[in-house]
Amino acid sequence: MDGPLYPLVLPLSTTPLHPTLLLSCPRNLYLAFHLPRQTRLQSLLCLASSSIPSSIKESAIELEDRKFELLRAVADTKRGLLATTHQRSSIEEALINVEILDAGKPLDLRILDGTWRLQYTSAPDVLILLQSAATLPFFEVDQIFQKFECGDKSGHCIVRNVVKWSIPRLLEEQEGATLVVSAKFSVISSRNIYLEFEEISIQNVNISEELQALIAPSILPRQFLSLQILQFIRSFKAQFPVRNLQRRSVGGLYYLSYLDSNMLLGRAVGSGGVFIFTRAQSLIELI
């Protein structure tokens, strides 16, 4: 069910790369995440022939090398579900090695804006979801995303946690339905954002061909009622507000420890857990 562990091909990181760095190489450097270490290093040698100062080239190569090591460390963990104690320790070390290269820099909402695919987490609430999908025969979890919307000039920012899930034989595989947890957020320091959760919704329900055939058999004329049922299911959307016992919105701190154009690292403050994301395609059409 897990997708491939790699960032999509996107413009080069903004930290701390010279604008001509991408043009100096025949291929985007992030394709190197697909390659063995030796081949990846060879692809980076194109930097040596450019006119970019050696200090910038060395920093860029070191950054990409550390990011690659982090992604390699989480590659076989099923987004953290199968990570052993030793692996978690190694991942934490690799995580810190990337974080320190971005330490102290203010959060750039223009870069944060967009969709990010979860590659690894140690957050208990997410691992419970993954564990349920691994043990229950009637529940499957596909991709998990965070979608940040930071373009509103009024200062209102939104983050949506998006989970693609399915029920075998009833819903389509991978695209069966979408669970969305929406929250407003505000930047309260250079790297901390405060989340104020608003609602949970279930939408984009796509039933399986077997269930469609049961509701409206293809060998018979589809009656008005059968078509209405199918249309209702396809347009179904359930929304539930998120409140605590005092009827107040649930909130929490989220520390974004590293950010560039294709990698996002975060730490949940209080509840614990780290998150590793890579840039994904837009989810505008999905939610």
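Q: Ala, Val, Leu, Ile, Met, Phe, Trp, Tyr, Cys and Pro count as nonpolar, Asp, Glu, Lys and Arg as charged, and the others, Gly among them, as polar; by class, what makes up the lining of the largest pocket?
A: In this predicted model, the lining of the largest pocket divides into 19 nonpolar, six polar and one charged residues.

Q: How much space lies in the largest pocket, and which residues are closest to its centre?
A: The largest pocket holds about 690 Å³ of space. Its lining is made of 26 residues, and those closest to the centre are D125, V126, N161, F197 and F275.

Q: Which elements each supply at least two residues of the lining of the largest pocket, and which gives the most?
A: Helix α5 (124-135) and the strands β2, β3, β4, β5 (192-203), β7 (251-259), β8 (263-269) and β9 (274-279) each supply at least two residues of that lining, and β7 gives the most, with four residues.

Q: Why is L256 called buried or exposed?
A: A residue is called buried when its relative accessible area is under 20%, and L256 has a relative accessibility of 0%, so L256 counts as buried. This residue lies in strand β7.

Q: What does L256 touch, leaving out residues up to four places away in sequence?
A: With contact taken as heavy atoms within 4.5 Å, L256 touches L107, L112, R191, I193, L264, L265 and G266. A further relation across the sequence is the one with N192, which is 64 residues apart from L256 along the chain, while the C-alpha atoms of the two are separated by 6.3 Å.

Q: What makes strand β3 count as largely enclosed by the rest of the structure?
A: The test for each residue is again a relative accessible area under 20%; seven of the ten residues of β3 (residues 157-166) are buried, and therefore the strand is largely enclosed by the rest of the structure.

Q: How do you know that β3 is paired with β2 and with β4, and in which direction do the strands run?
A: Two strands pair if there are at least two bridges between them. Strand β2 (residues 140-149) is joined to β3 by eight bridges, and β3 is joined to strand β4 (residues 177-187) by nine, so both cases satisfy that criterion. The β2 and β3 strands run antiparallel, and β3 and β4 likewise run antiparallel. Individual positions show the register, including V141, whose bridge partner in β3 is W165, and R160, which stands opposite S182 in β4.

Q: What makes the phi of K78 and the phi of R79 worth noting?
A: K78 has a positive phi of about 55° although it is not a glycine, and R79, also a residue other than glycine, has a positive phi near 60°. K78 is found in the loop between α2 (54-74) and α3 (85-99), and R79 lies in the loop between α2 and α3 as well.

Q: Why are K78 and R79 put in the classes they have, buried, partly exposed or exposed?
A: Buried means under 20%, exposed over 50%, and partly exposed in between. K78 has a relative accessibility of 41%, and so counts as partly exposed, whereas R79 has a relative accessible area of 6% and is therefore buried.

Q: How many of the contacts in the protein chain with a separation of 6 or more link residues 24 or more positions apart?
A: Such residues account for 66% of those contacts, in a chain that has seven helices and nine strands. Of its 287 residues, 43% count as buried.

Notes
Residues are numbered from 1 along each chain as its sequence is written. This is a predicted model: local features need pLDDT of at least 70, side-chain atom pairs count only at pLDDT 80 or more; totals for chains, interfaces and linings use all residues. Side-chain values use heavy atoms; hydrogens and water are left out. Buried means under 20% relative accessible area, exposed over 50%, partly exposed in between (1.4 Å probe, protein chains only). On a 1 Å grid over the protein atoms alone, a cavity is a set of points where a 1.4 Å probe fits but cannot get out, and a pocket is an open set with protein on both sides within 12 Å along at least five of seven lines; lining residues have an atom within 4 Å of a point. Grid points are joined across faces, edges and corners, and a volume is the space filled by probe spheres set on the points. Ala, Val, Leu, Ile, Met, Phe, Trp, Tyr, Cys and Pro count as nonpolar, Asp, Glu, Lys and Arg as charged, and the others, Gly among them, as polar.
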